[in-house]
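Open your viewer, switch to a cartoon view and keep the selection box handy. We will go from stop to stop, selecting as we go.

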Amino acid sequence: MLIRKARMADVESMHQLINECAAQGLMLARSRSMLYETIREFTVIEIEGQVVGTGALHVIWEDLAEIRALALASDWRGKGLGRKLVEALVEEARELGLPRVFALTYQLDFFLACGFREVPMETLPHKVWKECINCPKFPNCDEYAVIIELNEGGR
């Protein structure tokens, strides 16, 4: 297993993984365009030359980043790879000096098991919502907001 930054050649595999998960109601879909435009934010899990997982760390502001587009191939779920991917993204945030990381998710229990805590959506800064206007579910978001503190007292 290799956890590494995504490359352009990974976009088709990432797109397939993300949109398969979206079709199952596990997350929101993403376009190829979005993946290409934000490729530098993405990390992948590669096993035997195949991308089996992906996720992005999107910096919102000097003190906050978001984990987004976290997806695993169905054959690899429940084996700890999602947690490893979240840990890699949280470590990346820590290396950048970010004190907090949040996610908007349908997978509340997964993120709670990774050390995040649920927070009311309205406690997140307004900067978080700038991309929500383009979401088909706006303004009736049904995701959970979770956050982890990385500064003193955090992980």
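Start with helix H1, residues 11-23: with four residues, H1 gives the most to the lining of the second largest pocket. Before going on, keep in mind that this is a predicted model.

**The pocket.** Now select the whole lining: Ser 13, Gln 16, Leu 17, Glu 20, Gln 50, Val 51, Ala 73 and Ser 74. Colour these residues by type and you should find three nonpolar, four polar and one charged. The space they surround has a volume of about 150 Å³. Besides H1, strand E3 also supplies at least two residues of this lining.

**Strand E3 and its neighbours.** Which residues make up E3? Select 50-61. Nine of the twelve residues in E3 are buried, so the strand is mostly covered by the under 20% cut-off on relative accessible area. On one side, E2 (42-47) pairs with E3 in the antiparallel sense over six bridges. Two residues lie between E2 and E3 in their hairpin, and there you can pick out Glu 48, which takes a positive phi near 50 degrees.

Next, add E4, residues 64-72, which runs antiparallel to E3 and is joined to it by seven bridges. E3 and E4 also form a hairpin, again with two residues between them.

Thr 54 is a good residue to centre on. Its bridge partner in E2 is Val 44, while in E4 it stands opposite Ala 71.

**The whole sheet.** Zoom out and show all the strands. Seven of them form an open sheet of mixed pairing, in the order E1-E2-E3-E4-E5-E7-E6. At the edges stand E1 (2-5) and E6 (117-119); each has a single partner strand, so one side of each is left without a neighbour in the sheet. Look along the sheet for its turn: neighbouring strands are at 30 degrees to each other on average, direction ignored.

**The helix across it.** Select H3, residues 81-96. Which strands does H3 lie across? They are E1, E2, E3, E4 and E5 (100-105), and the helix runs at about 35 degrees to E3.

For the last stop, pick Ala 88, which sits in H3. Is Ala 88 buried, partly exposed or exposed? Its relative accessibility is 25%, so it counts as partly exposed. Finally, draw a distance from the C-alpha of Ala 88 to that of Ile 3: the two are 85 residues apart in sequence and 7.8 Å apart in space.

Notes
Residues numbered from 1 in each chain as written. Predicted model: local features only at pLDDT ≥ 70, side-chain atom pairs only at ≥ 80, totals over all residues. Heavy atoms only, no water. Pairing = 2+ DSSP bridges. Axes fitted to C-alpha atoms, helices over the stretch in contact; angles between N-to-C directions. Contact = heavy atoms within 4.5 Å. Buried < 20%, exposed > 50% of the residue type's maximum accessible area, 1.4 Å probe, protein only. 1 Å grid on protein atoms, 1.4 Å probe; cavity = no way out; pocket = protein on both sides within 12 Å on 5 of 7 lines; lining within 4 Å. Points joined across faces, edges and corners; volume = space filled by probe spheres on them. Nonpolar A, V, L, I, M, F, W, Y, C, P; charged D, E, K, R; others polar.
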